[in-house]
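Me: Please take a close look at one part of this model. Start with where confidence is weak, then go through the part in detail.

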Amino acid sequence: MPGQDFQVVILAGGECKRLYPLTSAGTVKAMLPVGGRPLISYPLRNLAEAGIKSCIVVAIGEAVSSSMASYLAAQEAAGGVSCNVITVPEECGTADALRLVAGQVSAESLVVASGDILTDLPLRALVATHQITGALATVLVGKRKTSPTAETKPGKAPKGVDYLGLDPSRQLLLFAASSPEVLRDIQLPLAAVQAVGSVTLHSDLQDQHLYVLSRSVLKLLVAKPALSSLKLDFIPWLTRHQLKHSQPAAAAAAGGFAGRASAGGAAAGGATGSSFLLLSRQHSGGSFGSLTSAGSLTAAGMPAAAADGGDGSSGAAAGSGTGNSSAAAAGSGGAAGGQGSKAAAAAAAGSNDGDGEGRGAAAQPPMPGDGFMALSHSGSAAASSRAGRVGVYLVPEGHYCARVNTVQAYGDVNREVAAADTALHLTGMSVSKYDNVVPPSVSLGTKATVGPWCIVGEDCVIGDKSSVKRTVMGRNCKLGANVKLISCVLMDGVSIADGSHVQNSIICSGAAVQERCTLKDCQVGPGFVVAQASEHKAETLAKT
Amino acid sequence: MAPKSKGGGAEEKAKEVLTAVLLADSFTQRFRPITVEKPKVLLPLVNVPLLEYTLEWLALNKVEEILVFCCAHADQIKAHLADSKWLKQRSPRVSTVVSTNCLSLGEAMRSLDQKDIIKGTFILVSGDTVSNMDLGPALAAHKERADRDKDAIMTMVMKPTHEPHQRLRLGDTSLLVALDSSSQRLLKYQELDSPAAAAAAAGGQRDSSSAHHGAHHHHHHHHGRRGRSSQVWKLDASLWSERDCVQVRTDLIDTNISICSPEVLLMFSDNFDYQSLKRDFVAGTLSEEELGKKIHCHILQGEYAARVHNLRSYDAVSRDLLARWAFPFVPDTNVFYKAGPWGPSSYRYARGHKYLEAVTGCSRSAQLGRLLAVGAGAAIGDGCIVSQSVLGRGVSIGKNCRITGCYLQDGVVIGDNVTASHALLCEGVVVGSGATISPGVVLSYGVVVGPRHNVPAYAIVSLCKQITTEVSLSDDELEYASAGRVSSSSGRPPARRARNSTSGGGRQPRRSNAASDSESSSSSSSSDSDSSSEESSSSSTFGDTLGVKSMEKPSALAVKAAQVLAGNDKDQKAQIAGQVSELGFAVHLVGEGGAGYEWPMTDGYSAELYSIAPPPMTLAEHVYDSDAENDAAGGASDDAAGPGTARGAADEPGERSGGAGRGGAALDPETVFMQEVGETFLRCVKERFAETNAVIELNGLKIAEDRTFADCARYIFTAMLQLCLPCPGWVSPEYGCLFPADAPDSSSKDGKLALLSRFKQQLGEWGNLLRRFLRSEDDQVELLLTLEEFCGAEGVFEADSSGTAFAPLFANLLQLLYDGEVVEEAAITSWAAEKEHADEGEKLFLQKSAAFLAWLKEAEEDDSDEEDSDE
């Protein structure tokens, strides 16, 4: 059944050098703590919420798969998603990795998500949109929180930007180019623009690295081993070539139609009985499982309807005899009217199309764009069908979608996950009356305060007169007296000694900040010790 | 806003006079040889001189001062204005500025700057503009911008096309534009020529200018070449440093209407090498970012604007005018001034876009087709078939002629049994009996076509001999009557009908002193000196363009010979036979007894693309398909080869225009019918048809396809369901806007409710329509079976997965249909009864609706109880 036949691949990634120093000392990206839980738990939770029972998790490098193994087993045991972990060599790009698992994909659609995505989007809605529109691929696109222009000097090219070209209806992805660095020139293929007339190139949108791919696209991917990264190579390539590759897809669809031609013809030709035969087709997979759950909704809705249906239906039944005949009379009148006005309708249709007159006459070649003014006066710009194209799914308003792919993003996402009004619901935690999460095992010193939008891990110790604001702390962190934390992320086992002030910094597992330090906008690597009374601003402090 | 140098103070600014500069010369040669004898702006378009459309439109927009800038044929333009209503009325003030030595728009602008007559914001248009746009919003936006930022110096008006073919139809070259999405500031502007168009444009462009002003032209050509060869447009990423969205558009047509601050004139003076507005001024302004000058765009929505800049657009715009797209500029508003023996214009509209003037002499047996305008005094003989044409005043057509897509100017005489299609015949043309005029032919003033001759396609014939540089002029070719053919037309011997001789009376006297307009600063000195300057310049200024040094004008001898050949006097013909053979007319074009020379087109001019005849449809692909070969060659060089999208781009418009043919030829008839019903229904939705009209539309389809009401109902119903979900693949893109962008997740409760409420809305809107197609209980059962098929993605719906989104909602849909009185209880019961005997696998939906059926049965029993008790 085409409806919900899909598989999910989560690309858990590798060590990820871009997140240095967070991922030094053997921590893999997938297991980085976000709001006190491993990063990989967020996409898995999203799958579980969509009722998806299993998925393929691709790990790049043995280190990744081995460090995830125990967590994945534990969450599956706790009723989570059953993960089939596949390890690919370390030098693999995301597209390479997907190519290696392509053999295990049998479903019509494949959801490929990056393991660093945090979102509350209903995955099934995304897949349904993909399947209904018949797109080659559907790309999840989100809006940046801040415009790149804020960080760019006039006349200079912005850094680390995705350039996404959308059609006026914002449903088609016609162009994609991105680079972690600066792109000097945007090379826009003209045919892409000509196909729809107008393309808006956005620098304020981001490819969220969640794709729904049709099987045919997977085949293309396999056939193009030179394309190494999904986002940087394959999706741009696919956008450039979508029109060409939509042809075989369309042909396949046509073939499907042709295959049904006899059956369809038979159904049309005669008795209603023949169309019954079509129902005998086997339904594959658990998609109809959702039907049973729908049954409860139906049943629940029924008594209410029955209650107020009592009077209404009697009236309808009483009137049904006469209603039928009068409807028939009106109908036949309408039919006669229809016959009579058919000529007029035909004439109207003829005059509708501007100067398209007399195409039948011999000496008149058809005009290109004949009657085109009718088109250009019909109002809205031509929307584009996503069939056989690369479609766009914009993250709707009110939904959260973010990726942890930079150090900056790691800090931001942690803070957002701790914020009750933003993304705390992704963690499944519930807030206290102070709008924060402080488990009972935390020991608070006298006059220590934990502000709203904080998550504090188990067994933390917060010393006297310390204050913690907008901060996420892992397990077993120790804060001395008079410590001030503002907008920080502390992983497990961090200790911060008396009188230190830390702001907007990330401190990795086992690191220590000694007395009376001042840190601002810093990243402290795992196990690093910041010497006492030192001051650091916008530095990366890590063991070399 | 006033330029600093002329800072006249605040009071001047407050009372700014809305001024328009109308360029009565487009500085190109695309209308040659017609423009050798008459300026383009006086060329009749649907029997009204082009200039009148522009003037009338400016007047409609309450422009107070119109400066008509004349170069070539200034005398004729002034004479025309003198004779028209424009100089007789106070508002708008129309005055002429004559500057016969201007060779380009740039020079015209510099000349205007020197004359220092423009103080404020002005509208710059060429005299070949046909538009009904309201300038108000564009002007207001421009002024608002200019007040905020004095560097916002110009607003260009553009019109979107919605079909790539539209550009081909208008003979336009491709235009590539990059805009700031939010401010509509123009960031890049590039004419992207197809190879043929590029060559034609090069032909039209003066060579001298590019030689002298290398810098800018180099710049332009560099871009042009790059754009064409790789089909990739490079945009500097720094464009995104100040904005998030850059819109790249290929669907815009430059209307050449611009709103300019006076600074624009200054800039032309500062950059003395600027010639063309677009290639130099716009390109220069955009490339010199450091100067900070800004150009913005105003994009028209639904209003009409087009330029008649070549024969192709002449034909296209004529048809648009006849089809009333430029309302109020339609023949039957009769707003245009028209003099002559038949008096003011008197068109009346008849069905099928036919416009006949009050006094026309049509034979009863003549068939007049659609899109036709016939001027007063025209005579159409017995058995003629005329359609899609414009016939001027006093045109005479013999018996049994077939005229299609032709433009016959005043006084054209056509013999019997002539077939003419897609041709332009200028004043005074005489076509002998039995002749054939092929598509694309242009016969300039006074040309005579011999009897039974076939004028080959795309032939361009004039009584002028084109003077090429190699051939030196012989003396007698130089000997021409300075009065020219234009004024002597009234002296043409009457050809067969008396009224032909008077046809010339419709034209203006050659010169009247009233033409020297006192309000124009250039000609305010005295009428004498003005006319003398005209005299002196007229000898060196012929053609639309002044750059050609040679003089081109029909020789008196040729004119005389043509007049005799056109006549019936055999003696006279015999007399001049010797002279005629000496003249050396192009017999292969005009036949024996014809008069006219071949006017070869400039090298590279694509006759097929730019002629008066519609270009072949195959060219549409050619224009947009230029990189197809690149990519077909190999997938290996993917990234280097550029986009591989061309095939699709070329194929799709064709498929779309084919209607239901999407997805290849092998669609089964049921699927085709489903799509046809679907699209017809969607059209009704899109056009917001009233229910009765929708019924007529769908009924028409039903009858045409010989189907039943139930057949239609099935697919109307499924289309309604599909409207609740994103646009499925088979729907043509124009209806895409009717569909929501995303699908609710129908496995969650929220998603189900969202989907149901969407359908409820559809049912509320179109339930009545559906009911009208459900004639019986059987029809309703059929509908339920369809719903089953749809939800199960079976049969014709197999390729369409939207149904499966509804599968979990089957029972709810059933209830909605029942509640909405689309399906009656009896139908549901008999559907259920029918299904009882089906295989288990087919009972899926029956089982799902079990609860509803049970409830229905209960309610029914209650009802029957009540009914029993009633009786």
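Reply: Start with residues 621-665 of chain B, where pLDDT (the predictor's confidence in each residue, from 0 to 100) stays under 50. The model still has 78 contacts (heavy atoms within 4.5 Å) for this stretch beyond four places in sequence. Residues 195-230 of chain B also stay under 50, with 49 contacts beyond four places in sequence. Where pLDDT is low, the predicted coordinates should not be read in detail. Chain B as a whole averages 75, and 76% of its residues score at least 70.

Some ground rules. This is a predicted model, so local features need pLDDT of at least 70 and side-chain atom pairs count only at pLDDT 80 or more, while totals for chains, interfaces and linings use all residues. Residues are numbered from 1 along each chain as its sequence is written, chains are lettered from A and ligands numbered from 1 in the order written, and side-chain values use heavy atoms, with hydrogens and water left out. The model scores ipTM 0.74 and pTM 0.73.

Now the part itself: the meeting of two domains in chain B. The assignment (automatic or from a database) gives domain 1 as 19-195 + 245-307, domain 2 as 338-466 + 555-615 and domain 3 as 669-864. The C-alpha centres of domains 1 and 2 of chain B lie 33 Å apart. Domain 1 of chain B brings 14 residues to the contact and domain 2 of chain B brings 22.

Together they bury about 1600 Å² (accessible area, 1.4 Å probe, that the two parts lose on being put together, summed over both). Carbon and sulfur atoms give 63% of that area. On the domain 1 side, B:Pro33, B:Ile34 and B:Asn47 lose the most area to domain 2 of chain B. These three make up 38% of what that side buries.

B:Pro33 has a further feature. The peptide bond from B:Arg32 to B:Pro33 is cis, with omega near 5°. B:Pro33 sits in the loop between strand E1 (19-23) and H2 of chain B. Helices (H or I, at least four residues) and strands (E, at least two) are DSSP runs, numbered from the N terminus.

Next, the polar side. Domains 1 and 2 of chain B share one salt bridge (a side-chain nitrogen of Lys or Arg within 4 Å of a carboxyl oxygen of Asp or Glu). B:Lys38 forms a salt bridge with B:Glu427, and their closest N and O atoms are 3.1 Å apart. Three residue pairs between these domains are in polar contact, both residues at pLDDT 80 or more. A polar contact is a pair of N or O atoms within 3.5 Å; within protein, one must be able to donate a hydrogen and the other to accept it, and residues adjacent in sequence count only if both atoms are side-chain atoms.

Helix H2 (residues 34-37) of chain B gives the most to the domain 1 side of this contact, with three residues. By class, that side divides into seven nonpolar residues (Ala, Val, Leu, Ile, Met, Phe, Trp, Tyr, Cys, Pro), four polar (the others, Gly among them) and three charged (Asp, Glu, Lys, Arg).

Another cis bond is worth checking in chain B. The peptide bond from B:Ser91 to B:Pro92 is cis, with omega near -5°. B:Pro92 lies in the loop between helix H4 (74-83) and strand E5 (93-98) of chain B.
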